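Trainee: Before I look at the model, could we agree to go through it by question and answer?

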Amino acid sequence: MPKHYRPPGKKKEGNAARYVTRSQATKMLQVNLPTFRRLCILKGVFPREPKKKVKGNHHTYYHLKDISFLHHEPILEKFREIRGYEKKIKKAEAKKNKDLANRLLSRKPGYTLDRLIRERYPMFVDALRDLDDCLTLVHLFAVLPASDRENIEVKRVHNCRRLSQEWQAYISRTHKLRKVFVSVKGIYYQAEVDGQKITWLTPHALQQVLPDDIDFSVMLTFLEFYETLLSFVNFRLYRSINVKYPPILDPRLEALAADLYALSRYLNRNSSAPMVESDDVGSSGSVQPEVKQNGQESEESELRLAQLQHQLPYNEPGALMHLVEEAANADEEDEDAKECKNLFADMKFFLSREVPRESLLFIIPAFGGIVSWEGDGAPFNESDQSITHQIVDRPKQDHIFLSREYLQPQWIFDCVNARLILPTEGYLVGRVPPPHLCPFVDDEAEGYVPEYADTIKRLQAAARNELLPMPGVGKEDLEDPQRLVVEGIIGRTEANEAAQKKQKLMALEKQYHDELKMELEGRVTNQGNETIAKDDEVRDGLNDPYLKQVLDDADSISKVVMSRKKRGLYEAMKKGKERKKASVNLLKERKRKLEAAGKSGKQRSCS
Amino acid sequence: MGAVAKNKNENNRENDSDRRRVIGKDNVAEAQSDEEVYPSGVTSHACSDSESDSDYLDSSEDGEFEGNQSPVDSGAEDSDSFDDEDDDKTGNDSGLSGDEQGNSDENKSSEQPQGGEESDSSEDEVAPRNTIGNVPLEWYKDEELIGYDITGKKLKKKERQDKLDAFLASADDSKNWRKIYDEYNDEEVELTKHEARLLKRLLKGKAPHVDFDPYAPYVDWFKWDDAIHPLSNAPEPKRRFTPSKWEAKKVAKLVRAIREGRIKFDKPKEESQVYDLWAGESSSPTKKSGHLAYIPAPKPKLPGLEESYNPPPEYIPTQEEINSYQLMNEEDCPKFIPRRYTSMRNIPAYDNAVKDTFERCLDLYLCPRVRKKRLNIDPESLKPKLPSRRDLKPYPITCYLEYKGHKGAVTSISTDTSGQWIASGSSDGTVRVWEVATCRCLRIWEIGEVVKHVAWNPLPELPILAIVVGADVLVLNTGLGSEEDQKQVEELLQVGAATSLDDKTLSVSWIQDDRYRYGAIKLQHFKTVSSVEWHRKGDYLSTVMPAGESKAIMIHQLSKRLTQRVPFKLHGLPVTSVFHPTRSIFFIATKKNVRVYDLLKQKLVKKLETGLREVSSIAIHPAGDNVIVGSKEGKLSWFDMDLSSQPFRTLTCHPKDITNVAFHRSYPLFASCSDDCTAYVFHGMVYSDLNQNPLIVPLEILRGHSSSNGRGILDCKFHPRQPWLFTAGADSLIKLYCH
């Protein structure tokens, strides 16, 4: 009897019983494939990977529970109803019964997705966690041209635009934007809402082309869900800052396509209504609710602390300490927000015609700046004397106000990412700006730190020292306050760093030599030491062939007894590390070459 | 008249109308009365009339074609009627009258329709000259004829005019634009001015005839006004003046629907349905949905520095690198090539913006999601914890002595039981015996041929060497040991003449060989011998001839000078054979498997399945229950024979062939040597407790030999008492590794 034989009365078991292929699933649900796809997208049902693929490798498998979950979905019935209704319309049209067809068309049954959203995201935080794709898609559709062929309606594009701007207005208003990155693909933004890092991509404000080889129906189904989701999220967020949703905008500004500004005006007016109207632009009006929030949060944390204190046994000070630390962390985050809010605190920006206005109108207020632009409906115009910075993106600026600086837009992005007002020399009009660095990359983990990142880090360190002197360095600073010049600090920190590095290196070297000695004498090494020794050797480039041989031998000897699986894993890991190192080396090599080329070019020009 | 119609080629075939047919018949009658040549032509024409054309076109064409007929036919048939050509020409063909050559019959027939009916013509009825019918003309392309005429005569093709001449002629001829080549009848036709005019009108989409008015007022034949009686005398039906019942029903239905609210006239309002969806969310997390665990989709990958619009210059690949990407595999090729724009206004639109998002959407709903644990560990932690090597001492570590003297690769070495001497055989054709402690070469035998294998007799009182040289095995007295021993050995190595004869059946002959010092016996085999192995008692020795088929493995008894083949069937080519160190058990290693035979019971005890590609060497643990097998793919298999016939542990250590493996006689050590010039020393502890698995720890990699001719270390042997290892290299050195 074959192993897989199942007696007639017996039920199916295992993967065969638990997983069904897609075609089986559609048959089970009695829907066609497009409806099934829609259903999956709306319900968030995805295929799964069974351990044993009963039907073969080329099938998509769904879990039976997922399918029965879809089977009980009321929206499925709704889809059927709509399909029947469409048949009615078709019939009426076929019979040339125009009246009936029109009447039926005007009364199509619809469906709502709010219940699905609640089901998929039982908590608001869950919704925020999944908001990345939502925002990216909505922002993309906000700039797509409406197209009859692809079924992209004007109404939906407008809705997307409205939703995305509402979202941006909220982020900007509450100063929740953290990082911005201008890439070739578009502009990436990262905001932190309720402790969730939300990253989204907005395309560059240029005409988008609709490619032919794309099934827009899939995207539109996603968009349908995401639009609803984002409107609910926006509602809740607006509500959290006491603003009515949907916002009612100034029609004049809306007509001038300054929606974002109109929205932010609306937000400011509404949220600061209970407070004193303090100034004309209203950016400082945001301070108070922020403080209020902070107060609330700290109160909450204290309360929680008190509650937990009761539950904890008394002899566990460690746990309590932990809690306190957490609270401190929360405070730190608040500090982060404060830092963001005050980055451009007393600066006034003016945007020239050619800079990406939408993006900058979003970013500058998010970091506490005041901004205006060239065009109708702007809060102040170019001749305003109080403007401190003018953002210009043209090869040459003709008319220059001496009271302000003319900068390229990249300066804003770099300042935001560095959380620091960077020196403006590199960004002046007509110059090639310094490289735009990615704020999402951890340089240490990557293993390669670009030169400009280093400069920024040093500037940051300098700025920090200025604000609150570090304990180690502070003493010296106090001794001779004259040297509190920025450059001096930079130099010192540099020296410190170098010294530390040197010490570390020396220690490592010493350790390494000890290790080697030990190895030669006793030939005893434990695994850990060996690895350190090896790493060191690699780092120092010490080329004693015999020692190298010894280390290699130790390595290959321990590989001999590894099981095949582990050996494979080990080798794969090694390979991965090597590849990473190779890419870093490639970068270093290129840099070296570039520098050499630059030097020789300079010499040539000198001679 | 038939000739005229012939000119009309395709146009003719399109004509059809009853009227014309009638007229055609008239003409037939006429023609019959005139000449006998035409009637069949007329009928054929009637058949060819398949589609209707406008009468006007026909008539006008007729008018002109009659003048336009070719001189060939008219000349042939009616050359006598040149004089009366012009009398009856109507006004419409006046332009062409100069070259008219119609005969009188034609003129008459053409006159008749023009006079009577104004629009029809007689040429329709004239049969086309060619009678092949409506067949593709390319059937006649290669023929000399273009078809057959009505009487079945062949119609020859005209002489092809020279193209150049034709062109020149046409260039000269001002009427050239009016000439059309009739392929069907193989002749050139010239359109009249009138015809050209008609065609022009047709091309414009107008009626061809100028006089024709397509919008002539309709004249009703029926008089409506002054009739006294109605057309029908039926009374007015009732349905004309009673309200419809069905209509009433329909209306009632609608009314009912409106009253019940099924039909609404006001459009449904669209109100936004946004509200605080997560209003009472604090309670919800406690409620567990009975569904499967939701696996959130992984977040989209964050961009790296290379995606910046203005990355640092070192991130931009050089042109050579970009070119090299094209040579790469598609998988290795980087997906994104960084570019640098000097200012933000230069950034172009990203082409794949929609596509990328679409692909993300596809991933979201089409990709199976699995929670995968990403190992984020130090790779070093994967290495197994081995007992400290210090605890496993002593074992050979460094090269202590080198035995120099051989001039070729040392193929084999063997240690004396006492541990005082080692013997080595080399490819330079010498066998040497060395003193271990001093590196002194004690004895040299010039064999003259490549020595493949040497083996000391395991008995200490018999200092005998077995040497494999080509197809011979030499049992050599070394002349070492005490005098008593020497006597015994010399006795043993005396071969009588009688003994050498009866072994012919086995084709091994024992021959006394006195060429060598101290005496020797030569065992002549019929095939080349690859290895020789002594039994532990020193009386038997086994030889392996890989090409010997059923007699591949022989066992020789030294004391009786007997030779016998092993009584077992051999499966595959034997590689080596070994005696069990304590019991009368015999191991035969073939390329894939190792078979274990009991020599007393003469039967198979066990078959060890190595799973290796090609076994090269085998060694038995001194306790006899564990076997190591080295293979040519560099793998070493340890078998625990009590456990199973599968390897207990397979160690992949050498990148090249393992040439030999060896166990130490007393220490828990074993070693393997390979062509990659290394020898591995392992700790291999076998416990007497059967439940405990043997402990295998790699201890040391011994290097020092250099490769020659692609070969490295050819043999390794442990010292019988000390934890020392001898290795024989292809670089003609023997090395001793000490602890």
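The exchange below concerns a predicted model.

Trainee: How many helices and strands does chain A have?
Mentor: Because a helix needs a run of at least four residues and a strand at least two, shorter runs do not enter the tally. For chain A, the secondary structure comes to 24 helices and 9 strands.

Trainee: What share of the 607 residues in chain A is buried?
Mentor: A residue counts as buried when its relative accessible area is under 20%. Among the 607 residues of chain A, the share that is buried is 43%.

Trainee: Is A:A17 buried, partly exposed or exposed?
Mentor: This residue, A:A17, lies in helix α1, which spans residues 14–18 of chain A. Its relative accessibility is 25%, and the buried class ends under 20% while the exposed class begins over 50%. A:A17 therefore counts as partly exposed.

Trainee: Which residues does A:A17 touch, not counting those up to four places away in sequence?
Mentor: A contact here means heavy atoms within 4.5 Å. One partner, A:L64, is 47 residues apart from A:A17 in sequence, yet their C-alpha atoms are 7.8 Å apart in space. With neighbours up to four places away left out, the residues that A:A17 touches are A:K12 and A:L64.

Trainee: How many disulfides are there over all chains?
Mentor: The rule asks for a pair of cysteine sulfur atoms within 2.5 Å. B:C673, which counts as buried because its relative accessibility is 0%, has its nearest cysteine sulfur, that of B:C716, 3.6 Å away, and is in no disulfide. Over all chains, the number of disulfides is 0.

Conventions
Residues numbered from 1 in each chain as written. Chains lettered and ligands numbered in written order. Predicted model: local features only at pLDDT ≥ 70, side-chain atom pairs only at ≥ 80, totals over all residues. Heavy atoms only, no water. Buried < 20%, exposed > 50% of the residue type's maximum accessible area, 1.4 Å probe, protein only.
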